[in-house]
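Thanks for sharing this one with me. Could you keep the model open while you go through my comments?

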Amino acid sequence: MNNPLLSDALLPAFGAIEAGHVEPAMRELLDDNRAGIAALLASGANRWDTLVVPLERMHHRLAKAWSPVSHLNGVMNSDALRAAYNACLPLLTAYHTELGQNAELCAAYQTVADREGATLGAEQRKVVDNALRDFRLAGVSLPPQRKQRFGAVMERLATAQAKFDENVLDATHAWSRHVTDERDLEGLPANTLRRAQDAAGAAGRDGWLLSLDAPTYQAVMTHAAREALRRDLYEAWVTRASDRGSHAGQWDNGPLMAEILALRHEAATLVGFANFAEYSLATKMARDPAEVLGFLQRLARVSRPAAQREFAELERHAGRRLAAWDVAYYSEQLKNQRLQVSEEALRPYFPLPRVLAGLFTVLSRLYRIRIVANASVAVYHPDVRYFDVLDRDGTARGGFFLDLYARPKKRGGAWMDECVGRIELAGSSALPIAYLVCNFSPPVGEQPSLLTHHEVLTLFHEFGHGFHHLLTRVGTPSVAGINGVPWDAVELPSQFMENFAWRDEVLPLISAHVESGAPLPHEMLARLQASRTFQAGMQTVRQLEFALFDFRLHAEYVPGQPPRIAGTLAEVRDAVAVVRPPEFNRFAHSFQHVFSGGYAAGYYSYKWAEVLSADAFGAFEERGVFDGATARRFLHAILERGGSRDAMEAFVEFRGRPPEIEPLLRQMGLAA
Ligand SMILES: [Zn+2]
């Protein structure tokens with residue numbers, strides 16, 4: 001069989017990849033790697049060139065083959081692909097555990113460190129240090145029985161986390177609300193109504209069919225005048241994959257959550273940590289749990305009084321006590337009244353093609369590159385486009401697939417993922433390729449997708465991740481781009497990019513009224529900027545609620561007892577929240593960041609990196625947002641270096657000092 005997943009071509013052969021290719025390709029690659037590693041060890045390889053380089057090459061090939069599978073499973077989910085993906089998860093986990101626990105391999109790396117440590121470059125030294133750390137985290141020195149148990153735990157964890165995701169996806173798609181009386185939809189934006197009408201038509205029904213995709217959910221929460229409709233969608237959203245709501249028990253993640261927490265705790269203690277929170281910090285910038293909790297509590301002390309004032313003001317505006325499903329609606333009203341700025345009124349100024357062109361201009365000016373559409377590259381869906389990234393002189397730097405619209409069978413949210421990592425090692429060379437994914441409302445008829453400013457920020461955010469990956473100059477894959485970057489520093493480039501979408505210098509580049517072509521009028525721009533700090537306290541405590549819940553859940557786990565999911569959440573809410581959700585709220589059951597994504601005992605990373613990004617952007621505010629020298633320093637010290645150096649060192653090189661929290665507080669309007 002000619003398996004497209006095993007092709008040497010740079011880009012995935014979308015169109016040729018079928019579910020049937022997945023398992024044979026992965027089995028073949030894993031067998032090849034196992035044989036390759038055994039041969040290396042048998043030959044006594046223990047030098048950078050003879051050991052590390054071949055291993056980096058093997059793992060680059062494996063990652064490159066798996067990437068389109070994992071991507072398609074997320075954006076073009078089907079029963080066949082899901083089954084193939086799930087069949088491979090245990091194989092991959094078993095392989096990684098085996099690798100991490102290979103004592104002979106670990107000893108060979110140790111020899112590289114001992115014999116060549118002084119002569120290796122900083123990038124190479126980092127690769128070896130990371131590898132030695134990861135051997136320790138995988139339990140390389142454990143006795144055989146405990147090693148085996150660690151492997152079994154990791155394998156079950158991967159499967160349980162994938163099942164958690166599936167449950168959320170299935171529960172989300174299973175729900176819809178059929179509406180026949182237009183009055184029930186009062187206040188909803190025209191594009192939401194049109195999509196709901198199309199959905200009803202496609203289902204052979206009259207009226208409107210509301211689904212639980214993110215754009216629809218957010219539109220209803222923010223704009224639906226009828227409280228009953230808001231409550232209806234709110235309940236469906238916060239009870240997904242739980243023991244409550246209209247599909248109660250059908251995809252209940254409750255038992256999986258308990259199992260996931262227990263497995264993580266067991267894995268962490270097997271390799272010598274007190275709990276999973278400590279294990280998680282072993283690879284992060286933050287030093288220990290006390291530093292993380294202290295950081296979050298400091299932010300809570302500053303933001304909670306502001307949040308309480310803001311919430312009291314909101315209830316005064318509404319003239320009544322507010323339920324959780326009222327907050328976004330009345331906040332939007334208050335924001336309109338106070339600042340005369342509404343996300344919906346801004347949409348016509350942000351047609352997607354204009355925003356993209358402006359964003360490309362910003363990136364080109366900052367980093368002296370060009371971004372050019374390339375229609376000759378095979379894509380996996382008609383909505384997807386491919387772009388080349390070139391230096392000014394035309395040298396190729398990389399490329400990306402852009403997949404921006406919500407559609408069925410596509411995971412919600414927005415993210416960047418590595419399609420191909422950069423490699424530049426003896427005998428191997430590949431440019432970095434990225435996937436950039438959002439879930440914006442698709443174009444309707446002739447009209448392009450019109451973005452809210454919030455969605456513009458999302459786009460800038462993901463491009464921040466994308467260009468961290470794409471502009472890397474590192475040639476060793478395990479520390480190129482975002483690889484090897486501590487999780488609590490990885491949001492630095494993304495949140496940094498968001499800052500540009502608020503600036504006078506940038507808004508005219510990314511806005512043009514869909515009919516008149518006029519840029520965002522100056523006074524609207526000023527009001528939009530003023531809105532940045534609107535309810536900053538409430539926004540901050542919400543993030544702190546998630547971060548503290550996640551961190552405490554992992555830090556305070558007691559083996560042998562059921563995890564205190566609801567109890568911890570209630571305590572955290574008592575400490576920081578101002579909006580009290582109803583009893584039926586089961587938000588944790590669909591909290592994918594923490595239960596199935598990479599943010600376990602790491603959700604605090606968003607706030608942590610926001611400190612870094614606000615402070616880094618401060619350098620641009622001081623010198624001008626397009627200041628060439630500042631941009632080049634950011635490019636050379638941070639973006640191009642990826643995970644090849646210590647994150648704190650990189651920051652200090654760029655900023656000339658360690659990060660400070662004040663720029664973030666000023667940005668949020670929370671400075672004393
Ligand atoms: Zn991000």
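Below are a few points on the metal site and on helix packing.

1. A word first on the source: this is a predicted model, so please read the points below in that light.

2. The zinc ion has H461 (NE2), H465 (NE2) and E491, the latter through two OE entries, as its ligands, at 2.1 to 2.7 Å. Along the chain the donors follow the spacing H-x3-H-x25-E. H461 and H465 both sit in helix α16 (residues 453–470), and because they are four residues apart, about one helical turn separates them.

3. The geometry at the zinc ion deserves a look. Its four donor atoms subtend angles of 52 to 139°, so the arrangement is irregular. Four donors would count as tetrahedral if all angles lay between 85 and 135 degrees.

4. Now to helix α6 (residues 144–174) and helix α10 (residues 254–270), whose axes come within 9 Å and cross at roughly 150°. The pair is therefore roughly antiparallel, and the crossing is left-handed. Residues in contact include F150, V153, L157 and F164 of α6 and L256, I260, L263 and L270 of α10. By class, this contact has twelve nonpolar, three polar and seven charged residues.

5. Helix α3 (residues 79–100) also packs on α6: the axes come within 8 Å and cross at roughly 155°. This makes α3 roughly antiparallel to α6, with a right-handed crossing. Among the contacting residues are L89, P90 and A94 of α3 and F150, M154 and L169 of α6. Eight nonpolar, four polar and four charged residues make up the contact of α3 with α6.

Methods. Residues numbered from 1 in each chain as written. Predicted model: local features only at pLDDT ≥ 70, side-chain atom pairs only at ≥ 80, totals over all residues. Heavy atoms only, no water. Axes fitted to C-alpha atoms, helices over the stretch in contact; angles between N-to-C directions. Helix = DSSP H or I, 4+ residues; strand = E, 2+ residues; numbered from the N terminus. Parallel < 35°, antiparallel > 145°, perpendicular 65-115°, else oblique. Left-handed = near helix turned anticlockwise from the far one by under 90°. Contact = heavy atoms within 4.5 Å. Nonpolar A, V, L, I, M, F, W, Y, C, P; charged D, E, K, R; others polar. Donors = N, O, S within 2.8 Å, 3.2 Å for Na, K, Ca; no water. Tetrahedral: all angles 85-135°; square planar, octahedral: opposite > 155°, others 65-115°.
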